Amino acid sequence: MGRFIARRLVQAIPTLFGVLVLTFLLTRLSPADPVQLMLGGQYDITPEDRERLRDSLGLNDPLPLQFVSWLWHVIQFDFGNSFYYHRPVIQMIGERIPNSLQISISALLITVAVGVPLGVLAALRRGGIVDHAIRIFSVSGHAIPTFWFGLIFVLVLGVQLRWFPIGSMNVVGTDCTFCWDRFWHLIGPVAVISIGGIANLPRILRTEVLEVISQDYVRTARSKGLRENAVIWAHVLRNALIPVVTLFGGLLTIFVGGSLVIEQVFNWPGLGRLTFEAAVNKDYPLVQAGVVFSSLLLILSYIVRDISYAIVDPRIKVR
Amino acid sequence: MATDATTVAPAAAQPAEIRRATAGLWSDALWRLRRDPTTIAALVVLVTMVTLALGADVLADNFFKWSFSKQDILSSYEKPSLSEPAMWLGSDQLGRSQVVRLLYGARVSLFIGTFGAATSMLIGIVLGVTAGYFRGWWDDLVVWLVTTLNSIPTLFLLLIVGLLFRLAPLPLAIFLGALGWLGIANLARGQTISLREREYVLAARTIGATPFRVMSRHIFPNILPLMIILAMTDVGGLILTESALSYLGFGIQPPVPSWGNMLTGATQFLSKGPWLVYAPGVMIWITVLCLYLVGDGLRDALDPRLRGVGGTGGNRKK
Amino acid sequence: MRRLTAVLGTVLLVAVSCSQAPTSTGTSPTPGPSASDQPQMGGRIVFGATGDPKTMQPVIATDTQSSEIWNKLYLSLTRANYKTGETEPNLAEKFALSSDGLTLTYTLRDNLVWSDGTPFTGEDWKYTAEAVARSAKTVRKSTLQDIVGWADYRDGKTDSLAGVTIGNNGKTIEIKFAKVFCPATAALGGAGAGGILPSVHFKKVWDNKTTDTKTNIDDNPLNMNPPASMGPWIFKEFKPGVQVTFVKNDKYFRGAPFVDELVVKTYADATAVKNALVTGEVTYGSVEAKDNDEVSKSDALKGVRYKSSGYTYIGWNAKAAKAPWLANRDVRQALWYGINVNAIMQKILFGLGTQVYAHNPPTSWAYDPSGLTQYANDVAKAKSLLEKAGAKMGTDGVYRWTDGQPMRMRIETNQGNNARETILQFAQEQYKAIGIQIDPLLESFNALLDRTDPGTDYEGFILGWSLGADPDPYSIWHSSQQGKGQFNNVGYSSPAVDQALLDNRNGPDCSQAGRKAALKKVDQNLNQDAPYTFLYAADVNFYANKQLQNVDPNTYSTTWNVEKWWFKK
């Protein structure tokens with residue numbers, strides 16, 4: 001297993017490289033002058049000084065050279081200073097990542113905790129009202145626009161009904177992470193962002209469970225006289241989980257990518273909102289770093305998914 | 001749905017099935033489709049919406065007598081009423097007709113969804129099939145490209161683009177399509193790899209058919225049904241992405257209405273005009289829902305065994 | 001016995017869970033009226049901001065979020081009376097302008113100390129003024145430019161500002177001007193920056209006694225970590241993206257605040273702040289006109305409405321390369337006639353404001369709308385003015401200018417300000433009716449300021465001015481103020497106005513009557529030349545939590561007596 005993990009990590013390197021190349025190229029396409037953006041409010045700089053600054057930043061070098069130099073800095077975790085805040089970008093990113101992770105990880109847990117039982121339920125009660133209800137809920141939940149759902153949540157459940165907080169991580173004055181207050185504030189963003197996953201999971205799971213239930217070895221287990229519950233949960237789930245883990249890929253994309261809108265709607269100080277505000281302010285170093293780090297998170301999640309895949313499916317041994 | 005019909009009542013269906021064994025993929029699918037009320041209903045809704053959207057100009061001029069940009073600020077925030085067609089869904093903060101804007105919004109969203117999906121199909125099929133067929137360094141390059149793009153959350157990538165340009169609907173559609181071909185390419189590639197070892201393909205290759213001929217004559221038609229299903233669900237995903245982007249202010253710019261940008265200031269309207277917040281969101285929801293239902297229905301109709309394929313995970317980027 | 005335990009247990013449980021319920025004011029509401037009007041200590045005030053501060057130092061701060069932070073810590077020698085705007089003592093107990101108008105003397109109060117115990121002296125004022133002189137990022141140099149020795153110090157010829165003398169052991173500050181500067185008493189209290197820095201601490205990062213113009217105060221760690229405070233609050237910590245926390249300053253010269261803590265909390269946008277106000281997360285703040293209806297219905301808030309000192313306008317860049325017609329006065333007047341400002345007042349501002357026709361707003365003593373043209377909406381007149389200027393109507397409904405080009409231009413404004421965004425879309429339709437095609441553009445506030453820096457690359461823009469109590473529009477309207485970073489970004493140049501601005505600023509008649517006459521001339525010219533389409537001076541719709549006592553906001557300050565605010569439980 002250790003070798004599998006190591007190999008998987010190595011396989012991720014060309015992908016990460018690709019991400020860096022793409023991000024670099026896209027931002028360099030910008031018509032805006034980075035020196036102008038960087039100097040922002042400084043009005044006493046002469047044209048000669050600007051040229052000197054361009055030179056020192058290497059902006060007059062050929063593009064590949066600029067890329068190599070940027071890459072060299074990035075490897076040392078140096079993404080430069082924010083054009084807008086004039087603080088080291090890496091510091092700002094580091095402050096926000098844990099906040100975003102709280103939502104993503106909670107969302108993943110909730111999706112599995114709610115989606116799996118629903119899927120099994122739908123399979124067991126196949127053809128009945130419960131099954132139909134769950135399937136209707138599935139498809140609708142998958143089609144709902146996340147940002148709109150989040151808006152309705154905040155406006156109706158938060159402002160009008162006051163059932164939930166309207167955003168932020170804690171009530172003012174509280175600063176705890178693993179406490180009821182934080183959990184209370186997480187409900188909104190997590191519920192909204194997981195709705196897509198919670199909706200999709202039962203559909204996949206239902207199909208798989210149905211297939212597995214009709215398999216011979218399950219009938220054998222039943223005839224051997226094992227209790228109904230034990231049969232289902234032990235044998236069926238193990239096999240049905242395989243496509244579920246595959247689903248994680250899509251879920252993670254939604255969680256990390258959806259974080260942008262959700263953090264905006266719920267006033268959550270995370271990576272997504274930081275990147276969005278940076279884009280509004282034309283703060284290129286911060287946007288670059290935001291994209292690179294969100295991609296990094298995604299790549300790492302895919303690796304974790306593949307490892308889970310290997311654990312769950314005994315047939316997929318270390319290739 | 002179709003699955004129940006075939007597994008619950010096998011005895012009655014069997015003779016018909018056997019008779020149809022030689023009738024070809026499409027008529028087979030149509031037969032199954034006709035027994036699927038959900039999908040038919042969704043299809044009807046979609047067709048209605050497309051018709052209305054296409055006829056937006058005609059409707060606006062003759063029936064509603066109000067253009068999408070026409071303002072009447074003295075009657076802003078009017079509640080929905082039956083007094084005149086243009087006011088069926090009320091008016092917004094500038095007195096524009098909500099129902100007319102929703103219609104035009106449908107046009108923009110459906111256009112971007114369809115055109116984007118078409119672009120995705122084009123890029124995806126070309127890259128996927130060639131990668132699967134030729135293997136070697138080209139395959140490696142395509143796989144690397146797919147994995148890389150798959151690792152950047154779509155909205156983040158679009159943010160960078162939004163930094164640089166404010167795109168009109170057509171370039172936006174192409175751009176979104178250029179980011180959405182991953183699922184199609186993956187599937188195309190996988191299918192091509194397995195197909196190229198089949199007897200009839202090997203036969204064609206031995207007699208010296210050019211790769212292009214092999215790909216277009218033997219491989220492409222076989223993967224097309226699958227691709228179409230995938231593309232349908234992609235349209236839904238694209239509409240969701242475009243709405244989110246326009247909501248954030250980086251997509252379609254006002255006054256051109258898109259369901260997403262109609263919601264941009266929406267948070268501020270909830271007290272003054274709740275109908276302004278619910279209508280566009282519900283429209284997006286229904287449209288995407290119908291697209292997914294039709295996609296699922298088609299997939300089930302074409303081949304129930306395909307049930308685990310295509311509709312899952314990675315393509316639905318919000 | 002068991003029943004008693006059960007009852008006691010339940011009571012205890014209820015009491016415990018009630019006291020742990022999260023509340024936004026930081027104090028648990030206890031049942032029963034206290035019925036005392038004695039200020040009660042404790043509590044937390046929360047204020048909503050729409051972004052993180054970029055800096056916490058007044059010399060380089062340009063945005064509102066940063067000002068909201070440093071103005072809690074760094075004060076000025078004088079301040080504007082919160083209601084009348086008149087200059088009144090703050091850190092200085094006396095201030096006097098000599099009869100020839102060339103010397104200004106401040107006398108500080110006794111026993112002034114910073115929050116860390118260091119004495120506050122005139123040295124702090126002089127240090128701040130010199131920091132402004134040498135800063136490369138500041139936008140405030142014009143306030144101090146008439147001080148003797150200013151240019152020499154700024155250019156590095158001397159190592160100190162010759163015209164400023166600190167005497168009497170730091171208790172008096174004497175400032176000499178090279179020419180009469182009428183607004184001196186009002187404008188110089190903050191040493192140009194608006195707030196005075198603790199020189200003892202800042203000297204460690206920048207020494208002002210130097211002729212090296214390459215060093216300055218623009219980049220140092222104290223800019224985000226204020227070391228000491230003269231204000232009612234002391235900076236405690238900054239959590240990026242979340243909030244800035246202050247604690248009360250016991251050494252505040254007006255008395256320590258009753259409330260323990262002040263938090264400036266960051267929200268995504270103004271709507272989120274409004275929601276927070278309604279749900280009680282934020283203690284006080286003002287709301288936009290369109291939300292006033294909703295917020296006024298809340299029974300946890302009490303509201304106050306007053307006029308603001310400033311106005312909103314559409315600026316027309318006479319130097320626009322793509323819109324040469326903007327240099328023509330008839331065209332600009334047509335643009336004013338062509339837009340229905342009355343509809344804006346009714347439907348976008350909901351009547352919560354006053355229409356303006358020139359620069360000095362209704363709150364100013366210089367305000368005098370008599371004789372000004374009101375430009376009532378008149379489409380026919382607008383078109384005739386355009387044609388008089390030489391425009392010819394094209395077949396597509398858009399006018400062609402004398403050079404044959406269609407009259408098509410861009411108007412831009414900042415996103416996040418709902419009123420301006422709506423006005424932009426409204427203007428687009430209005431100008432279509434008079435044959436001018438508008439391309440709207442929304443962008444971030446900073447991008448907007450950057451793009452509309454004096455130049456030729458922008459045409460129309462919607463912005464607002466927030467003005468101080470003393471009217472000195474020199475930096476906005478004088479023809480010399482069109483350089484990079486300066487405020488005359490519409491290319492306005494009028495010799496009559498230039499002279500009137502100098503008369504208002506440099507006298508020799510500094511009496512209110514004399515200045516008023518000069519300012520009236522400025523207003524009359526601006527009204528006729530129409531470099532802006534002046535729109536309105538909005539009212540401020542202020543709301544505060546009902547439990548907060550002694551809140552008395554007005555035009556020039558909402559927190560002038562914040563040390564006297566207390567929460568009635």
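## A tour of the chain interfaces and two helix sites

Start by selecting chains A and B of this predicted model: their contact takes 60 residues from chain A and 46 residues from chain B. Together the two chains bury about 4800 Å², and carbon and sulfur atoms account for 76% of that area. Now show L26(A), F147(A) and W148(A) as sticks; these supply 13% of the area that chain A buries against chain B, more than any other three residues.

Stay on this interface and look for charge pairing and polar pairs. Between chain A and chain B there are zero salt bridges, while four residue pairs are in polar contact, both residues at pLDDT 80 or more. To see which helices line the chain A side, color α1 (2-28), α6 (129-143), α7 (146-160), α8 (180-213), α10 (228-265), α11 and α12 (284-312) of chain A, each of which supplies at least two residues. The largest share of that side, 10 residues, comes from α10(A). Coloring by class gives 33 nonpolar, 22 polar and five charged residues on the side of chain A that touches chain B.

While chain A is in view, zoom in on α11 (residues 271-280). Here E277(A) and R273(A) form a salt bridge, with their closest N and O atoms 3.2 Å apart. The two residues are separated by about one helical turn because they lie four residues apart in α11(A). Over all chains, the count comes to 39 salt bridges.

Next, select chain C with chain B. In this contact, 19 residues of chain C meet 17 residues of chain B. The buried area is about 1700 Å², with 51% of it from carbon and sulfur atoms. Pick out K347(C), Q425(C) and E429(C), which supply 30% of the area that chain C buries against chain B, more than any other three residues. This interface has zero salt bridges and two residue pairs in polar contact, both at pLDDT 80 or more. On the chain C side, α8 (289-296), α10 (341-348), α12 (418-433) and β18 (437-443) each supply at least two residues, and α12(C) gives the most, with seven. By class, the chain C side divides into seven nonpolar, five polar and seven charged residues.

For the last stop, stay in chain C and select helices α9 (residues 329-337) and α16 (residues 512-529), whose axes come within 8 Å and cross at roughly 85°. That angle makes α9(C) roughly perpendicular to α16(C). Show R329(C), R332(C), Q333(C) and W336(C) from α9(C), which meet N527(C), Q528(C) and D529(C) of α16(C). The residues of this contact divide into one nonpolar, three polar and three charged.

Methods. Residues numbered from 1 in each chain as written. Chains lettered and ligands numbered in written order. Predicted model: local features only at pLDDT ≥ 70, side-chain atom pairs only at ≥ 80, totals over all residues. Heavy atoms only, no water. Contact = heavy atoms within 4.5 Å. Buried area = accessible area lost by both parts, 1.4 Å probe. Salt bridge = Lys/Arg side-chain N within 4 Å of Asp/Glu carboxyl O. Polar contact = N/O pair within 3.5 Å; in protein donor to acceptor, adjacent residues only side chain to side chain. Nonpolar A, V, L, I, M, F, W, Y, C, P; charged D, E, K, R; others polar. Axes fitted to C-alpha atoms, helices over the stretch in contact; angles between N-to-C directions. Parallel < 35°, antiparallel > 145°, perpendicular 65-115°, else oblique.
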